[in-house]
Amino acid sequence: DEETRHSLECIQANQIFPRKQLIREDENLQVPFLELHGESTEFVGRAEDAIIALSNYRLHIKFKESLVNVPLQLIESVECRDIFQLHLTCKDCKVIRCQFSTFEQCQEWLKRLNNAIRPPAKIEDLFSFAYHAWCMEVYASEKEQHGDLCRPGEHVTSRFKNEVERMGFDMNNAWRISNINEKYKLCGSYPQELIVPAWITDKELESVASFRSWKRIPAVVYRHQSNGAVIARCGQPEVSWWGWRNADDEHLVQSVAKACASDSRSSGSKLSTRNTSRDFPNGGDLSDVEFDSSLSNASGAESLAIQPQKLLILDARSYAAAVANRAKGGGCECPEYYPNCEVVFMGMANIHSIRRSFQSLRLLFLWPWLSFSLESTKWLHHLSVLLKSALLVVHAVDQDQRPVLVHCSDGWDRTPQIVALAKLLLDPYYRTIEGFQVLVEMEWLDFGHKFADRCGHGENSDDLNERCPVFLQWLDCVHQLQRQFPCSFEFNEAFLVKLVQHTYSCLFGTFLCNNAKERGEKHTQERTCSVWSLLRAGNKAFKNLLYSSQSEAVCILQPFHCDQQKEFGVGYI
Amino acid sequence: MFSLKPPRPTFRSYLLPPPQTDDKISSEPKIKKLEPVLLPGEIVVNEVNFVRKCIATDTSQYDLWGKLICSNFKISFITDDPMPLQKFHYRNLLLGEHDVPLTCIEQIVTVNDHKRKQKVLGPNQKLKFNPTELIIYCKDFRIVRFRFDESGPESAKKVCLAIAHYSQPTDLQLLFAFEYVGKKYHNSAHKINGIPSGDGGGGGGNGAGGGSSQKTPLFETYSDWDREIKRTGASGWRVCSINEGYMISTCLPEYFVVPSSLADQDLKIFSHSFIGRRMPLWCWSHSNGSALVRMALIKDALQQRKIDQRICNAITKSHPQRSDVYKSDLDKTLPNIQEVQAAFVKLKQLCVNEPFEETEEKWLSSLENTRWLEYVRAFLKHSAELVYMLESKHLSVVLQEEEGRDLSCCVASLVQVMLDPYFRTIIGFQSVIQKEWVMAGYQFLDRCNHLKRSEKESPLFLLFLDATWQLLEQYPAAFEFSETYLAVLYDSTRISLFGTFLFNSPHQRVKQSTEFAISKNIQLGDEKGLQFPSVWDWSLQFTAKDRTLFHNPFYIGKSTPCVHNSSVKSFKRTKKNYSSTLRGMPSALKNGIISDQELLPRRNSLILKPKPDPPQQTNSQNSDMEQYFREWFSKPVNLHAVILPRVSGTHIKLWKLCYFRWVPEAQISLGGSITAFHKLSLLADEVDVLSRTLRQQHSGPLEACYGELGQSRMYFRASGPHDTDTSGTPEFLSSSFPFSPVGNLCRRSILGTPLSKFLSGAKIWLSTETLANED
């Protein structure tokens with residue numbers, strides 16, 4: 001049965017994604033590159049001292065001594081300059097120029113390129129679907145191999161289960177997995193399974209959702225293996241000008257800290273956990289009961305630890321920006337309503353500032369490198385603030401054993417940046433190739449970073465105001481860490497560079513759509529290949545030869561200094 | 001339960017008395033016999049007990065108790081307390097952990113909290129108050145702070161004055177090296193010649209340990225120069241001894257190399273026309289016969305043309321192909337020594353004198369504003385251009401400079417380091433420093449400002465080490481030594497025990513030490529002056545084990561086949577080019593991706609800068625040079641031949657180990673390039689062990705024994721197969737390794753959690769400037 005379905009797909013591949021007719025400007029011209037499966041070249045022509053070719057996947061320019069090979073979706077804009085020259089600006093910071101002999105040629109190619117790079121009208125127009133379908137056809141006879149080729153490993157597909165286990169959540173006393181978001185019925189940009197304090201009911205969660213931006217409720221995403229402190233993330237509270245508050249939300253935030261306290265104790269002495277293990281199918285307030293049972297068999301010092309640590313609410317925005325958000329119905333936690341919490345504002349810039357910074361950075365590459373103008377782009381400064389925020393989380397969790405709740409406005413741009421970076425610093429697992437894949441899948445993809453809008457490859461995602469290299473900025477931060485800790489990452493710089501390219505290239509389906517719900521609806525997982533099939537642990541090209549796996553749980557970094565980040569250009573040029 | 005946590009750090013001004021919060025220290029501090037470790041000839045001038053050495057600026061909980069002494073060599077803090085928070089200490093055999101050599105002191109500041117007074121102490125100055133605090137600013141960017149709250153006010157004052165006095169001597173002969181070497185001579189009076197430790201006198205000894213028995217040629221003798229001529233295969237050049245006994249010039253070595261066609265008699269006549277009588281000196285010859293020559297300007301305007309012509313003809317005659325001479329006027333092309341000094345002062349302010357975090361946002365422009373990197377780049381770039389002349393154009397190059405003993409030293413040695421792989425070994429590098437700096441009359445005494453009164457201070461030697469570091473950074477497998485070696489070498493310029501970097505010229509050493517010997521009744525025999533210990537005798541400073549840190553695990557010795565070179569080289573270099581959408585570098589500017597290689601910045605360009613002076617340089621020559629560089633960079637590098645620096649903005653970097661090693665905030669614990677160094681050392685050691693084992697298999701028992709004796713050349717040793725896994729990064733590694741910034745007090749805190757840092761916003765800062773103004 002499965003085989004027939006398979007072959008059915010294969011036949012369709014050819015029809016749904018038919019090859020296009022090749023137009024040669026000159027009879028003698030050959031396609032100057034090897035086409036991928038499903039790729040078909042549409043135009044081959046001549047530029048000055050170069051052969052230029054355009055397929056449904058890439059633009060290829062072959063110069064005498066060099067070549068340019070760029071996926072179409074990586075191109076942000078094409079302009080004609082000085083009559084004969086095409087000027088291509090790329091989303092990964094590259095700038096490409098191509099000189100033509102005549103004005104007509106130049107205009108013709110400008111038209112073709114502008115046609116080719118616009119966002120797709122429907123998602124199937126993206127090359128990853130054609131690529132996958134044709135791959136299926138080619139490898140129909142060797143299905144097994146295909147599986148390897150297109151799918152991520154088991155560590156990615158069963159990431160949630162593995163991670164809950166690996167991080168050692170106490171699922172008896174402290175935490176539970178809520179299925180409230182099954183089929184994304186609560187929140188479209190969240191994963192289906194969420195970790196919340198054990199005694200918080202789904203009903204309460206629903207109430208909390210009504211109070212949080214886009215219903216993005218506080219959900220726990222990391223647990224410190226030895227002290228039990230957690231990192232949680234959410235959207236901003238909808239305080240608005242009216243100053244609303246929500247008792248369930250306040251209770252949930254308190255409960256995160258309480259759950260940590262009981263969890264860390266239980267991991268400290270396994271025995272007592274077993275004694276007091278209870279089942280909380282739908283939650284239930286047990287905070288009072290907990291104290292009694294623990295006092296009986298814990299020493300005085302331990303009982304002190306039961307006092308929940310002060311929870312740190314890390315608001316990525318500046319205080320002014322957070323308050324300004326009240327005009328739009330958002331806002332920030334009012335400290336009086338959230339006792340035993342501390343709210344800190346990080347002053348990170350919004351996507352519009354980051355976009356502008358990136359654009360001026362890209363301009364830099366057109367002119368001689370001057371450190372002064374690099375500084376004026378503020379790109380490195382933004383990286384530095386991001387690193388600082390992540391470090392703040394790391395110190396709170398690791399040294400002060402405090403739980404942390406991170407949010408910005410929507411909780412899908414700055415929040416994943418901070419949380420994912422903090423996790424990377426805290427946990428050596430995420431510095432392996434497998435772990436890094438899990439990290440990206442969970443913090444970025446599962447929690448709804450809007451890749452389609454930010455990268456501009458969603459259906460009709462023409463809104464330039466929505467675009468921003470948020471993920472790229474984060475990868476740059478990872479690159480800075482690589483420079484500072486040459487032996488701590490299993491993957492190398494090439495891995496990151498490739499990841500940047502394929503964030504935009506649309507050769508793989510991993511970064512399509514804005515959230516997991518959409519990806520489910522579009523069946524991207526079944527119809528495209530995963531980027532991790534390329535960036536897999538077995539691929540030697542992406543291994544850092546200096547990597548030494550270490551047992552140290554934490555590495556504390558010195559991220560203050562812009563100078564440490566000065567070597568920025570290297571990966572991008 | 002009571003809390004074991006330390007009291008919350010309270011931010012406070014330096015200028016207020018410290019609150020006596022710490023209960024632990026109120027109890028009577030331990031009094032033990034604390035005795036300083038003294039070198040021969042070293043005497044304690046003054047001392048004070050119950051001194052507190054401050055370790056952190058915002059808390060006194062780590063402070064150490066002990067005795068502060070001032071000797072004629074160093075200030076020393078002697079304590080029984082272990083250094084807190086320090087994970088590693090690179091031990092110098094001459095200096096204790098808390099010692100600062102007097103020649104390393106930059107500025108001495110005394111403070112009285114109660115009277116809110118402070119004073120920068122110069123020599124022979126009076127101090128009207130009893131100091132409660134002493135802050136020493138060191139030339140190597142360290143800041144050490146002592147408090148005298150519990151010590152006798154008078155003796156504290158005396159020690160401060162003693163330090164001020166002895167660190168700013170009025171006479172060269174008061175530098176410790178004289179006392180030290182005098183003692184050595186006295187103690188070995190029964191010996192006929194020199195000081196007892198054999199290699200101490202000759203100084204060349206021991207390389208960096210680890211098996212090399214070769215000695216560094218000092219170029220004090222005829223034969224050293226003769227050997228260098230033979231080594232480079234120079235024909236048409238001869239060693240000339242007209243300056244024996246410094247009869248011609250007091251700033252030239254006794255022996256030097258000149259064109260064979262110039263007779264001694266001619267040279268004697270010509271010499272009068274040169275500033276300082278510094279006639280042309282041969283530095284080095286390329287295998288194609290082109291020579292590198294340095295000389296001072298001709299002051300005699302009338303004779304100038306004639307003499308110039310004669311010299312050039314002679315150099316041309318010494319060239320096997322009779323090639324022309326290319327003259328480079330360094331005064332016109334490179335920054336002068338005052339500009340270099342100004343840049344260095346700004347760099348120091350940036351690295352030390354400003355709160356580190358606060359400079360962050362403007363870091364790049366502040367760094368650029370110091371112009372330090374720009375100057376490093378200028379020297380590298382100019383040297384690379386001269387390499388082109390020697391290597392590709394087959395021209396002999398003459399370096400011209402007013403006195404010919406500053407910029408020439410730097411350029412001549414850089415050119416040789418780029419061209420000749422021998423100078424990239426430890427012995428070779430030391431020999432080029434002897435040849436082009438020590439013997440050629442670089443004025444170390446004035447430029448390093450050992451006597452603290454020179455207006456002529458300039459860190460040209462550091463600039464040379466920095467430029468070498470840039471090359472090492474770009475070609476890690478081309479150098480036998482590590483960056484630790486370069487940093488330690490820089491530190492050695494400020495230890496006044498060695499003769500190497502103490503004098504303005506070889507003549508000054510002979511003259512001064514002879515005077516000293518006479519005054520001290522030392523019989524010199526037939527020696528020319530006292531033989532001071534040489535810096536190159538590294539065993540005086542470091543144990544054999546510690547010296548292995550000088551070895552670069554990347555280095556590929558000559559015996560290894562060439563295949564390895566390219567693969568190792570590509571390890572670093574290809575990294576920069578692997579963007580998949582771009583293969584190979586487009587050569588035309590108008591097409592293709594813009595790579596920074598094509599875009600050499602305005603003033604950094606190898607190619608574009610119009611050169612005003614050398615008339616023979618035409619545009620076509622410029623484009624030839626451009627072509628040469630482009631071709632050279634497009635090919636794989638042979639590490640046993642020429643190496644050329646990339647000089648564009650992104651490639652010239654700040655030498656962080658050297659400038660940041662005492663800055664706690666800049667320290668990356670368990671990170672930095674040292675972790676890669678560590679990992680590679682293990683690999684290199686493993687390879688060594690394996691090849692030794694292989695040799696044992698192949699050879700008889702005799703050789704097997706020898707193989708066993710062979711020590712590892714790596715500091716980090718690979719563990720044997722039966723050991724447990726030790727491949728993880730050792731805990732003590734940090735980006736400052738092997739140096740430890742703990743206790744460097746330009747900093748607010750060594751521990752402060754980011755929370756307090758970010759949220760409190762409190763700042764205390766103590767700057768030299770404000771202090772200096774407030775006296």
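In which loop of chain B is the place of Asp63(B)? In this predicted model, Asp63(B) sits in the loop that runs between strand 1 (44-53) and strand 2 (64-71) of chain B.

**Asp63(B) and its surroundings**

Although Asp63(B) belongs to a loop, the residue counts as buried because its relative accessibility is 11%, and buried means under 20%. The side chain of Asp63(B) forms a polar contact of 2.6 Å with the side chain of Arg52(B), and a polar atom of the Asp63(B) side chain also lies 3.2 Å from the backbone nitrogen of Ile55(B). If neighbours within four places in sequence are left aside, the residues in contact with Asp63(B) are Arg52(B), Lys53(B), Cys54(B), Ile55(B) and Ala56(B).

**Gln416(B) in a helix**

Gln416(B) is found in helix 11 (residues 407-419) of chain B, and with a relative accessible area of 0% this residue is buried. Its side chain is joined to that of Glu436(B) by a polar contact of 3.0 Å. Not counting residues up to four places away in sequence, Gln416(B) touches Cys283(B), Trp284(B), Leu292(B), Phe423(B), Val432(B), Lys435(B) and Glu436(B).

**A site taken from a record**

An unreviewed UniProt entry places the feature "binding site" at Asn336(B) and Ile337(B). Asn336(B) lies in the loop between helix 7 (330-333) and helix 8 (337-353) of chain B, whereas Ile337(B) has its place in helix 8. Asn336(B) is partly exposed, with a relative accessible area of 34%, while Ile337(B), at 15%, is buried. The side chain of Asn336(B) reaches the backbone nitrogen of Gln338(B) at 3.1 Å. For Ile337(B), leaving out residues up to four places away in sequence, the residues touched are Asp406(B), Arg447(B), Ser458(B) and Leu460(B).

The polar contacts described so far can be set side by side.

| Side chain | Partner | Distance |
|---|---|---|
| Asp63(B) | side chain of Arg52(B) | 2.6 Å |
| Asp63(B) | backbone nitrogen of Ile55(B) | 3.2 Å |
| Gln416(B) | side chain of Glu436(B) | 3.0 Å |
| Asn336(B) | backbone nitrogen of Gln338(B) | 3.1 Å |

**Nonpolar cores**

The largest nonpolar core has 329 residues, and those that touch the most other members are Phe436(A), Trp474(A), Trp372(B), Phe429(B), Ile433(B) and Tyr659(B). One of these, Phe429(B), touches Val417(B), Tyr422(B), Phe423(B), Phe464(B), Leu465(B), Thr468(B), Phe481(B), Tyr485(B), Leu486(B) and Leu489(B), when residues up to four places away in sequence are not counted. Apart from the largest core lies another, of 32 residues, which includes Ile55(B), Val144(B), Cys160(B) and Val742(B).

**Cysteines without a bond**

A disulfide is a covalent bond between the sulfur atoms of two cysteines. How many disulfides are there over all chains? The count comes to 0. Cys54(B) is in no disulfide, and the nearest cysteine sulfur, that of Cys160(B), is 13 Å away. Why does Cys138(B) not form a bond with the closest cysteine sulfur, in Cys104(B)? The two sulfurs are 4.9 Å apart, which is too far for a bond, because a disulfide needs sulfur atoms within 2.5 Å. Both cysteines, Cys54(B) and Cys138(B), are buried, with a relative accessible area of 3% for Cys54(B) and of 3% for Cys138(B).

Definitions and conventions: Residues numbered from 1 in each chain as written. Chains lettered and ligands numbered in written order. Predicted model: local features only at pLDDT ≥ 70, side-chain atom pairs only at ≥ 80, totals over all residues. Heavy atoms only, no water. Core = buried A, V, L, I, M, F, W, Y, C linked by side-chain atoms within 4.5 Å. Buried < 20%, exposed > 50% of the residue type's maximum accessible area, 1.4 Å probe, protein only. Contact = heavy atoms within 4.5 Å. Helix = DSSP H or I, 4+ residues; strand = E, 2+ residues; numbered from the N terminus. Polar contact = N/O pair within 3.5 Å; in protein donor to acceptor, adjacent residues only side chain to side chain. UniProt positions renumbered as here; feature names shortened; annotations may be inferred.
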